[in-house]
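This report describes the fold, the surface and the annotated domains of one protein.

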Amino acid sequence: MKSPYFTLEHEAFRAEVRAFLDAEVVPHAARWDETGSVPPELWKSLGRRGWLGLAHPKEADGGARDLFTSVVFLEELGRTGFGGLRAAVSVHAYMATHYLARFGGPELVRTHLAPAVRGDRVSALAITEPGAGADLSGLSVTAERVGDRFVVDGVKSMVSNGMTADFLVVAVRTGPAGQGPRGATGLSLLVVDTDLPGITRVRQRTLGWRSAGTAALTFHSVHVPADRVVGRLDHGFYYLMRGLQLERLVAAVLAVGGAERALEDLCAFLRERSVAGSVLAGRQALVHRIADLSTDLAATRQLVHHTAWLYEQGGLPAVECSMAKLRATELACRVADAALQLQGSHGYMEESSAARAHRDARAATIAAGPSEVLRDLIGRDRLNQPGTPASPARRA
Ligand SMILES: Cc1cc2nc3c(=O)[nH]c(=O)nc-3n(C[C@H](O)[C@H](O)[C@H](O)COP(=O)(O)OP(=O)(O)OC[C@H]3O[C@@H](n4cnc5c(N)ncnc54)[C@H](O)[C@@H]3O)c2cc1C
């Protein structure tokens with residue numbers, strides 16, 4: 001049956017990505033979880049294939065491919081079942097570098113985006129601080145203009161790829177807070193090389209996403225050339241609000257892939273595990289659990305694909321991106337929980353795929369907008385619309 005979203009070309013690409021990940025990535029990914037980072041060879045290998053710049057423009061050696069090519073790539077990345085790997089790659093290719101591709105000038109494209117697309121340099125996005133996460137108006141890392149430099153001071157935390165990144169896209173305060181929407185004016189995005197004097201990074205030990213190399217970074221009088229501002233000075237809040245929609249969509253796609261893997265592994269276990277003389281896959285109570293999870297996953301996948309389609313139309317569907325992320329990341333938690341429970345003690349083993357899915361799924365309902373913030377946004381939008389909402393495609 002023809003898909004409204006995927007062409008034969010997309011499916012051929014899916015087969016290529018899956019074959020590569022199964023053969024060259026998945027066999028090593030558990031070790032990367034132990035060491036706490038993905039190795040430089042992975043970046044180079046993905047870069048050589050053009051998979052770190054699928055959506056980026058040609059000028060940055062990007063593929064300028066349609067969004068559904070990225071959806072395929074991210075679904076397959078999610079389906080590896082390794083949350084740290086999917087966080088590391090997606091933060092680099094769809095979050096940090098997105099700002100350079102979308103809002104950066106030609107010089108930043110040449111010096112930072114192009115090497116990142118090739119896999120020669122690793123990037124990270126540093127927004128969160130110890131004192132401010134979901135609320136951007138509370139960000140306090142400062143960048144003070146002194147001659148032809150910015151002097152950066154403060155602390156960022158929970159930065160995925162923070163331990164290995166060659167450069168960061170950092171949300172900094174360049175102007176006074178407390179004016180404009182949500183008091184988040186006066187923010188800028190600054191590209192900061194991590195080898196500059198005055199930067200220290202400390203690993204943060206997290207429950208899941210272990211190979212993502214999460215770090216806290218301290219900036220002590222770090223001198224950054226003034227031409228490293230992404231786009232326009234003091235426009236960071238506007239850029240972040242746009243970038244966050246893509247972040248949420250990407251998180252939703254990855255969660256669908258992760259849930260798919262957890263469900264596949266669970267079904268394989270139930271088909272093989274024999275209890276009291278018969279395989280668990282024959283127990284009606286378990287068959288019905290699988291039916292419910294499969295149905296929820298199919299519905300969620302459709303919501304995510306529809307949201308990707310809306311996004312590609314260019315309307316920036318903020319509510320739908322929030323819905324897709326909320327629904328997909330919470331479903332991934334439910335599937336992971338069922339996978340652990342129904343594999344009994346086998347699922348509870350530290351190194352089991354069910355335990356890893358459980359740990360990794362939890363991160364995604366917090367990062368890129370906690371579920372509570374998304375519910376707030378979705379609920380308020382609905383309450384502000386009298387009567388039946390227009391079709392999302394029309395509203396966009
Ligand atoms: C594994 C992981 C990786 C991450 N990677 C990155 C990264 O690469 N770069 C980066 O900058 N950040 C990253 N983050 C940080 C993430 O974006 C923040 O955790 C998130 O924005 C929430 O901020 P916070 O943790 O400070 O929680 P807070 O803002 O302190 O909120 C705590 C809790 O309060 C509730 N809450 C908050 N606001 C509201 C509200 N308006 N209404 C109702 N309830 C609310 C929510 O339950 C929320 O979880 C990562 C986080 C995790 C867990």
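## Overall fold and domains

Of the contacts in the protein with a separation of 6 or more, 74% are between residues 24 or more positions apart; a contact means heavy atoms within 4.5 Å. The model is predicted, so local features need pLDDT of at least 70 and side-chain atom pairs pLDDT 80 or more, while totals for chains, interfaces and linings use all residues. Residues are numbered from 1 along each chain as its sequence is written, and side-chain values use heavy atoms, without hydrogens and water.

The protein has twelve helices and nine strands, taken as DSSP runs (helices H or I, at least four residues; strands E, at least two). Its radius of gyration, 21 Å, is close to the 21 Å that the globule rule gives for 396 residues, so the protein is as compact as a globular protein of that length. The radius is taken over C-alpha atoms, and the rule is 2.2 Å times the number of residues to the power 0.38.

Buried residues (under 20% relative accessible area, 1.4 Å probe, protein chains only) make up 53% of the 396 residues.

UniProt, in an unreviewed entry, places an Acyl-CoA dehydrogenase/oxidase N-terminal domain at residues 9-120 and an Acyl-CoA dehydrogenase/oxidase C-terminal domain at residues 234-380. Such annotations may be inferred rather than shown by experiment. The two spans are listed below.

| Span | Helix | Strand | Distance between end C-alpha atoms |
|---|---|---|---|
| Residues 9-120 | 74% | 0% | 28 Å |
| Residues 234-380 | 80% | 3% | 28 Å |

How values were computed: Buried means under 20% relative accessible area, exposed over 50%, partly exposed in between (1.4 Å probe, protein chains only).
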